[in-house]
Amino acid sequence: MLTFLHFVSFLKILLTLSMGFVIKATSFISKDFEKKVKEEFGSSLGDLHLISKINEWPIFRIDVPNPTGTRTVLLGDAAHSIYPLAGQGFNMTIRDIKSLSFILDENIKAGRFPGFISAVARKGKVVHFETQGFSDLEKQIPLQKDSLFRIYSMTKPITSVAIMMLYERGLIRLEHELYRYLPEFKNIEVWESGDINNYKTRPPDNPILISDLLTHTAGFPHAPFKPIEWKSKEARIRRFEQWRSFWEPGTKFEYHPSSSMYVVAEIIERASGQHFESFVKDHILNPLQLRNTFIGLPDEQSSRALPI
């Protein structure tokens with residue numbers, strides 16, 4: 001997939017409560033966690049509402065009185081962690097911010113993640129912006145607030161927005177055959193039998209549609225494409241011409257990690273008359289003031305990028 005980098009992803013804790021049942025939670029909760037809850041909320045642990053599990057970790061609900069009424073807090077013992085619930089009527093306090101920092105720090109200590117950048121906006125203002133942990137765990141290099149992260153498959157929404165802009169302008173149609181825009185795909189065939197060295201293919205009953213690329217039904221989820229090939233028009237065309245569909249287009253879903261988005265990016269270039277990188281920058285990144293989001297890594301920004 002094309003490599004985008006973004007300097008910070010805002011952490012959002014959006015958990016929806018459902019009706020649970022009341023249990024005695026003591027057996028699920030460690031002494032350290034019990035102590036932390038009492039320190040933070042002044043509440044004794046007794047009957048808690050078991051509402052769900054995350055990766056087999058029990059998550060509980062407890063109502064904590066405060067001067068403005070009762071607020072709901074989510075508690076999880078997986079990392080001896082406290083999850084404050086952001087919702088209607090929720091009042092942000094220093095205690096809540098500490099709880100957020102605590103859960104992230106515990107995940108770092110447990111070795112689940114090397115570091116975090118967390119941010120919380122409240123009523124249009126950033127009330128919390130913090131770095132914890134390391135950008136390079138082996139070298140123990142602290143994470144910085146302007147560190148660059150590779151966002152991998154979160155590039156798909158950006159690329160999809162770009163092609164939908166062309167749809168809105170009438171430059172492409174989702175029900176159109178792919179080969180209308182990329183003739184290289186006119187003669188693509190469907191895998192029928194055999195192995196990688198000796199196989200049999202047949203013409204498809206139906207052509208690949210633009211919509212198939214966006215819904216992961218085109219049929220080439222693992223088609224080979226080296227990111228460096230994107231830099232050469234000739235190299236990517238040669239690569240496209242080598243691809244085969246592994247099923248009848250539009251009849252089966254399988255997540256396409258990157259292949260279909262390279263094709264979408266090529267359509268954007270040909271339909272818009274702009275390089276893909278320029279189109280995204282001009283029509284998405286700049287209007288949204290995403291000044292620290294890049295397609296590829298500029299040399300002058302390399303010191304900010306986290307190692308892979």
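These exercises walk through a predicted model of one protein chain, each with a worked solution.

Residues are numbered from 1 along each chain as its sequence is written. In this predicted model local features need pLDDT of at least 70 and side-chain atom pairs count only at pLDDT 80 or more, while totals for chains, interfaces and linings use all residues; side-chain values use heavy atoms, with hydrogens and water left out.

**Exercise 1. The whole chain**

Task: State how many helices and strands the protein chain has, and what share of its residues is buried.

Solution.
- Start with the elements. Helices (H or I, at least four residues) and strands (E, at least two) are DSSP runs, numbered from the N terminus. The protein chain has seven helices and 13 strands.
- Next, burial. Buried means under 20% relative accessible area, exposed over 50%, and partly exposed in between (1.4 Å probe, protein chains only). Of the 308 residues of the protein chain, 43% count as buried.
- Then the surface. Accessible areas come from the Shrake-Rupley method with a 1.4 Å probe; for residues, only the protein chains shown count as cover. The protein chain exposes about 17300 Å². Carbon and sulfur atoms supply 54% of that area.
- Last, contacts, meaning heavy atoms within 4.5 Å. Take the contacts in the protein chain with a separation of 6 or more: residues 24 or more positions apart account for 63% of them.

**Exercise 2. A three-stranded sheet**

Task: Give the strand order of the open sheet that contains E7, and find its edge strands.

Solution.
- Two strands pair if DSSP finds at least two bridges between them. Strands of a sheet pair through backbone hydrogen bonds, either parallel or antiparallel.
- The order is E7-E8-E9, with antiparallel pairing.
- The edges are E7 (115–122) and E9 (141–142), as each pairs on one side only.
- Look at E7 with E8 (residues 125–136). They pair over eight bridges. Gly 115 stands opposite Gly 133 in E8. Phe 116 stands opposite Gln 132. Val 120 has His 128 as its bridge partner in E8.
- E7 is mostly covered, with six of its eight residues buried.
- Now E8 with E9. These two pair over two bridges. Phe 134 has Pro 142 in E9 as its bridge partner. Four residues lie between E8 and E9 in this hairpin. In its turn, Gln 140 has a positive phi of about 55 degrees.

**Exercise 3. Another hairpin**

Task: Describe how E11 and E12 pair.

Solution.
- E11 covers residues 190–194 and E12 covers residues 199–202.
- Their pairing is antiparallel, over four bridges.
- Ser 193 has Lys 200 in E12 as its bridge partner.
- E11 and E12 form a hairpin with four residues between them.

**Exercise 4. Two packed helices**

Task: Decide whether H6 and H7 are roughly parallel or roughly perpendicular.

Solution.
- Two packed helices are described by the angle between their axes and the distance between the axes. Axes are lines fitted to C-alpha atoms, for helices over the stretch in contact, and angles run from 0 to 180 degrees between N-to-C directions.
- H6 (residues 259–272) and H7 (residues 276–285) pack at about 80 degrees, with their axes 9 Å apart.
- Angles under 35 degrees count as roughly parallel, over 145 as roughly antiparallel, 65 to 115 as roughly perpendicular and the rest as oblique. H6 and H7 are therefore roughly perpendicular to each other.
- Ala 265, Ile 268, Glu 269 and Ser 272 in H6 meet Phe 276, Glu 277 and Phe 279 in H7.
- These contact residues divide into four nonpolar, one polar and two charged. Ala, Val, Leu, Ile, Met, Phe, Trp, Tyr, Cys and Pro count as nonpolar, Asp, Glu, Lys and Arg as charged, and the others, Gly among them, as polar.

**Exercise 5. Three loop residues**

Task: Sort Gly 219, Tyr 152 and Gln 289 into buried or exposed.

Solution.
- Gly 219 lies in the loop between H4 (210–214) and H5 (233–242). Gly 219 counts as buried because its relative accessibility is 0%. Leaving out residues up to four places away in sequence, Gly 219 touches Arg 244, Ser 245, Phe 246, Trp 247 and His 256. Its C-alpha atom is 9.2 Å from that of Ser 260, 41 residues apart along the chain.
- Tyr 152 sits in the loop between E10 (149–150) and H3 (155–168). At 52% relative accessibility, Tyr 152 is exposed. Its phi is near 45 degrees, a positive value in a residue other than glycine.
- Gln 289 is in the loop between H7 and E13 (294–295). Gln 289 is exposed, at 51% relative accessibility. Phi of Gln 289 is positive too, near 55 degrees.
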